[in-house]
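Trainee: Could you take me through one part of this protein slowly, and then place that part within the whole? I would like to follow each step of the reasoning.

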Amino acid sequence: GHYDQQMYSVFGNQDWLGGYMAVALVMAWTQAGTRRVPRSELFVLLLLQLVIGVALMMSGCRSAWGAALVGLGISRLVTRQWRQSLLLGAPLAAIVVACLIYAWDETTARVLRLFTEAETGGRVRLWIWDAAAGKFMEHPLAGIGPGLFAWASPHYMGAALAAPRGTEHAYNEAWAMHAHSEPLAILAEGGIVGLLLAIGFVI
């Protein structure tokens, strides 16, 4: 009952739903971009995109929207299926516009709120990122240790608020168990060594 968005899910909250829909959309586009898709399969993909697109937009999760945009862009650069991008992108754009128009509170209003004093989500994340950066700055070589982000958060988040620019942060009483940024989490917990190991795993 304490969630203000209309879309909810069994994942725990609407933001998780948006995140999973963003991943699903990028996976669908990437899979279609690896080969020439038959018309019958393209029709199914368009129907799937309709469901995913509406769920993604109605989740109201702005970070999921951004993740989807970045993922789709990278997918197109890798697969280079520009004609299929147009065939899939035009209906997806129509879905987005329809949701912006007919679900104002869940879509457009949330975008516009980014530029007002009422917006706190982004500023809270900046506070968490500031604390994560503080952990790294104090332990640049090996970090504070794997899995210790949540344990060390109260100290470093308090220090971020007590810093000269701490008054610019929006804050709450929630316990920050995650950095809300994987690169910062790696740097905070593993330092430069952890970052090099992470790059090694990717390569």
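Mentor: What follows is a close look at how one pair of helices packs, set within the whole chain. Please keep in mind that this is a predicted model, and that the values below are computed from it.

The secondary structure of the protein comes to eight helices and zero strands, so reading along the sequence gives the pattern α-α-α-α-α-α-α-α. The C-alpha atoms fill a box of roughly 55 × 40 × 30 Å along the principal axes, and of the 203 residues, 37% count as buried. Among contacts with a separation of 6 or more, 73% are between residues 24 or more positions apart.

Now to the pair itself. Two packed helices are described by the angle between their axes and by the distance between those axes. Helix α6, which covers residues 121–138, packs against helix α7, which covers residues 149–162, at an angle of about 105°, and their axes are 8 Å apart. Because angles of 65 to 115 degrees count as roughly perpendicular, α6 and α7 are roughly perpendicular to each other. On the side of α6, the contact is made by W127, I128, D130, A131, A132, G134, K135 and E138, while α7 contributes F149, A152, S153, Y156, M157, A160 and L161.

If you follow the chain onward, the loop between α7 and α8 holds H180. Most residues other than glycine have a negative phi, yet H180, which is not a glycine, has a positive phi of about 60°. With a relative accessible area of 46%, H180 is partly exposed, because that label covers values between 20% and 50%.

Further on, I203 lies in the segment after α8, the helix of residues 182–202, and at 83% relative accessibility I203 counts as exposed. I203 also belongs to a nonpolar surface patch of about 1100 Å², which is made by L141, I192, V193, L195, L196, L197, I199, F201, V202 and I203.

For a contrast in exposure, turn to helix α3, residues 62–79, where G71 has its place. At 16% relative accessibility, G71 counts as buried, and its C-alpha atom is separated by 8.9 Å from that of M27, 44 residues apart along the chain. A67 lies in helix α3 too, but A67 is partly exposed, with a relative accessible area of 44%. The C-alpha atoms of A67 and V193, 126 residues apart along the chain, are separated by 27 Å.

Notes. Residues are numbered from 1 along each chain as its sequence is written. This is a predicted model: local features need pLDDT of at least 70, side-chain atom pairs count only at pLDDT 80 or more; totals for chains, interfaces and linings use all residues. Side-chain values use heavy atoms; hydrogens and water are left out. Patches are made of residues with over 30% relative accessible area and no salt bridge: like charges are joined within 9 Å, nonpolar side chains (Val, Leu, Ile, Met, Phe, Trp, Tyr) within 5 Å. Accessible areas come from the Shrake-Rupley method with a 1.4 Å probe; for residues, only the protein chains shown count as cover. A salt bridge is a side-chain nitrogen of Lys or Arg within 4 Å of a carboxyl oxygen of Asp or Glu. Helices (H or I, at least four residues) and strands (E, at least two) are DSSP runs, numbered from the N terminus. Buried means under 20% relative accessible area, exposed over 50%, partly exposed in between (1.4 Å probe, protein chains only). Axes are lines fitted to C-alpha atoms, for helices over the stretch in contact, and angles run from 0 to 180 degrees between N-to-C directions. Angles under 35 degrees count as roughly parallel, over 145 as roughly antiparallel, 65 to 115 as roughly perpendicular and the rest as oblique. Contact means heavy atoms within 4.5 Å.
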